[in-house]
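Reader: I have the model open and would like a close look at one part of it, the start of the second chain. Take me from the chain as a whole down to single residues, and add whatever you have on its partner.

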Amino acid sequence: MASMEELTRLMRELEDQLIVCMKCGMCQSVCPVFDQTGREADVTRGKLALLSGLMESMFDDPEGVYERLNKCLLCGSCAANCPSGVSVQEIFLKARAILTGYMGLPPAKRLILKGMLANPKFFDRLTEWGARFQKLFTKPVNEIVGTSCARVMSPLIQDRHFRTLASVPFHKKVPYLNRPAGTSGLKVGLFTGCIIDKMFPQIAYSTIKVLEHCGVGLFLPENQGCCGIPALASGDLPTFHKLLAHNLERFAEGEFDYLLTSCATCTATLHEIWPKMTDEKNREAAIRLAEKTMDINQFLIRKANLQALPGPATKKRSVTYHDPCHLKKSLNVFSEPRAIIEANPAYKLKEMAEPDWCCGMGGSFNLQYYDISRNIGQKKAEQITDTGAEILATGCPACMIQISDMLSRSGAKVAVRHPVELFAEALAE
Amino acid sequence: MISDSIVQQFKTIVGEDNTWTDVTDLHTYSYDAAVVDPVEPGIVIRPTTSEALGKAVNLCNENGLPLTVRGAGTNLSGGTVPLPGGVVIVTNGLKSILEINEADMYAVVQPGVVTAKLAAAVEAKGLFYPPDPGSQAVSTIGGNVAENAGGLRGLKYGVTRDYVMGVSFFDVEGNLIKSGSRTVKCATGYNLTGLMVGSEGTLGVFNDIILKLIPLPAHRKAMMAVFESMEKASEAVAAIIANRIVPATLEFMDNFTIRAVEDFSKAGLPTDAAAMLLVELDGHAAQVEEDAVRVEALCQSMGAVSVRVAQDAAERDRVWAARRAALSALAQLKPTLVLEDATVPRSRIPDMVAAIQEIARRYDLTIGTFGHAGDGNLHPTILTDKRNHEEWERVEKAIDDIFDEALKMGGTLSGEHGTGLAKSRYLENETSAGTILFSSRIKRAMDPKNILNPGKIIAAKA
């Protein structure tokens, strides 16, 4: 767990961020979980009130708050719709770290942290004191790089309708690449992402193929780590910092104009979360890399000037597109993936109802609250099949896992693909 | 403290899954959108049938438990803040649109139906439910009726009150009371519907509501007019009305709000403008186009610096995006936002805006004002930080003064947010001691144990 010093700092930051919520309740209109349950504790306004209440000692139930805080998809729909501009994801990630820290402490130490929860400012002095006893509060962290996603992946596969793991992960076949810029004059770094690496390597192959087609150079460092969002979502700040440091080091070896990922969640994490949740020593490097980070679809349309391929205007197969929350709501990317799909003459786009309503995946949320996750996902599956499209495309492999599960359960015959895969099909081998 | 046996009875009525007594859950029903202190209830229940709703009300009465009904908790006057240890009944388990009758143009809904969802459902049938409170994306019809909610279309279409044809509600003993009808005309019995609209949960609990629908206007046109003084903007409003044109919406923003919106959304608004009017006309295409030309000319003759008429749907959306951004833009400036809704006869708007500016100076506060110029409903929005106690005292004084000014001009304390907790102590200033006494007698007759949302509208005795 994080050090006392770190937890105190986080709590002080939380105080100022929580006050921004004016309790208007508009988050109720977009929260996929609240839509299912109707419970105030499930919507952001309720969760923020619980955090404020806990910090102002209005009631005393950190365990109860922790449990309710984790019942959230971290989809960011509320933040995108918030009239006051509350930094919801940042607050939730910090609060999860604080409460995880608290929950992980033995009873005597809990008392101390509980005091801090109630009054962070008063406990400023404890920070020094805490630093001296830091060893008491921290336990050694295992080497997680490369394996940290196992906890996300393995339980998922158990009783769910799912494609199997790739027989050979992407990094085994393509461990390292360093190619100079081509006709575009641009060179990019490629952050693979765990799910693409282990479950959808074809997205990575397609990404490389399309970048080549556009004359873009590529740096793919060996031994990449997880983006860190699973660790952050479970409140494990030290693991996140470790992964961050590891990835910064990997990419420091190459030179490139942009850092691309083909995973919406990785992009949002690198671009939005890294600068906010980094530790001090990596702050500068994290911000620098975050500023270079871009979604593959966005890069291809905005920077690499990808052009639609010529082809017959007839016999088009229809594709419907699901907006991953972390692309549309976190990064405002929604027209570019659609443009990529339409750039292949074999496909035409057919919009579903509410394409930007969350699919209900939310990483570990899916494990903890599978019933709610499934109900949200089934609504999405119906909206997809209502279009009659043969293919569902989306820019996030996590959404692809959830939507595959839901479509398969409903017996639908709809293929689930990434926009870049669809475009790559049209390119010659 | 609610006894275990009563908790058990609530569970029997609404089900275990719809009963919450955990301190942490209770805390999430201690507030609404008003800037008032939170109060934790003792139990929260969520009935999913009307039978369960009636039984739950009766159980509260039998045990003398104060009961507060809550829709989406977007109330801006503290009307949904419960009593300490009381009961909260959440209505979002009762969210069916029971009927949309196209031939007779009405809808019957349960209280937990979300306003915007109803509006969309009736629009899909070419019909129109005009009341559009700012919180419509989440607010419930039950809450709208209980608060007599308004919105942007008040000038032409009226407010929630004007669309309630009938209600059925549970009295405090859980008897189902019916009033009004599915017919346009209905002259039987007391007008209990009229009494229930705006009663803020103090007289009964809604079971279902019959709402009037009207044909959906075929055509819309929006425009934006910029003025160098509030007076000129106000004269333009008066001229539009004097020429017998009634726009669907006639909104204004003051200079502070214009600058905040521009900083926030970079919409290209003139930041040196003293005031802006946002106008939308709707109805038959020919008349809308004709009136649009007249409104444009009227604004210009009243000294508008510029008038921009939206040429297409996208431009129309931009006009309204600017208005919708007003609250957000102001909200981002300071941690605490106090949104008032003092309302004056429309001709007094320039006086009221000037008075608000004077009050802001007097107490050294930041107040942005926007609102519904067509119906005199202003939203002076005080930006502050509640943690700053010294400033908060000045805010409270400023609110008192805003109310005084509105009443002096023949206005009202609240155009659309309701009395609730926040304004109950001012109510006598607007009405009279006799009015409060009369109201208390009605309340006592209908709720002898004073369990229905006590302390709202009529202030609790000290």
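Author: In chain B, 52% of the 462 residues are buried. Here a residue is buried if 20 or more other C-beta atoms lie within 10 Å of its own, exposed if 12 or fewer, and partly exposed in between, with C-beta atoms placed from the backbone. Keep in mind that this is a predicted model: local features need pLDDT of at least 70, side-chain atom pairs count only at pLDDT 80 or more, and totals for chains, interfaces and linings use all residues. Residues are numbered from 1 along each chain as its sequence is written, while chains are lettered from A and ligands numbered from 1 in the order in which they are written.

Now the overall form of chain B. Its C-alpha trace spans about 70 × 60 × 40 Å along the principal axes. The radius of gyration (over C-alpha atoms) is 23 Å, which agrees with the value near 23 Å for a compact globule of 462 residues; the globule rule is 2.2 Å times the number of residues to the power 0.38. You'll find 15 helices and 18 strands in chain B, where helices (H or I, at least four residues) and strands (E, at least two) are DSSP runs numbered from the N terminus. Take the chain B contacts between residues at least 6 apart in sequence: 72% of them join residues at least 24 apart. A contact means that two C-beta atoms, placed from the backbone, lie within 7 Å.

So which residues of helix α1 (residues 4–14) of chain B are buried? They are F10(B), I13(B) and V14(B). Looking down the axis of α1(B), you see these buried residues within an arc of 75 degrees, so they line one face of the helix; the arc is that of the directions from the helix axis to the C-beta atoms. As a reminder, an α-helix has 3.6 residues a turn, so residues three or four places apart point the same way. The buried residues of α1(B) pack against β1 (19–20), β2 (43–45) and α3 (50–62) of chain B. Flip to the other side of α1(B) and D4(B), S5(B) and Q8(B) are exposed. After the helix comes G15(B), with a positive phi near 95 degrees.

Move along to the loop between α2 and β2 of chain B, and you'll hit S30(B). S30(B) counts as buried, with 21 C-beta neighbours inside 10 Å. Leaving out residues up to four places away in sequence, S30(B) touches P38(B), V39(B) and E40(B). Its C-alpha atom is also 8.9 Å from that of L83(B), which is 53 residues away along the chain.

Next, the meeting of the two chains. Here 24 residues of chain B are in contact with 25 residues of chain A. On the chain B side, the elements that give two or more residues are α2 (23–27) and α11 (313–331). The largest share is that of α2(B), with four residues. Sorted by class, this side of chain B has eleven nonpolar, ten polar and three charged residues; Ala, Val, Leu, Ile, Met, Phe, Trp, Tyr, Cys and Pro count as nonpolar, Asp, Glu, Lys and Arg as charged, and the others, Gly among them, as polar.

Across that interface, chain A has 24 helices and nine strands, and 53% of its 429 residues are buried. Its average pLDDT (the predictor's confidence in each residue, from 0 to 100) is 86, and 85% of its residues score at least 70. Go carefully over residues 120–159 of chain A, though: pLDDT stays under 50 there, and the model has 55 contacts for them beyond four places in sequence.

Last, a backbone oddity in each chain. Most residues other than glycine have a negative phi. In chain A, L74(A) has a positive phi near 50 degrees. L74(A) sits in the loop between α4 (62–69) and α5 (77–80) of chain A, and is buried, with 26 other C-beta atoms within 10 Å. In chain B, I457(B) has a positive phi of about 65 degrees and is not a glycine either. I457(B) is in the segment after α15 (433–446) of chain B, and is buried too, with 25 other C-beta atoms within 10 Å.
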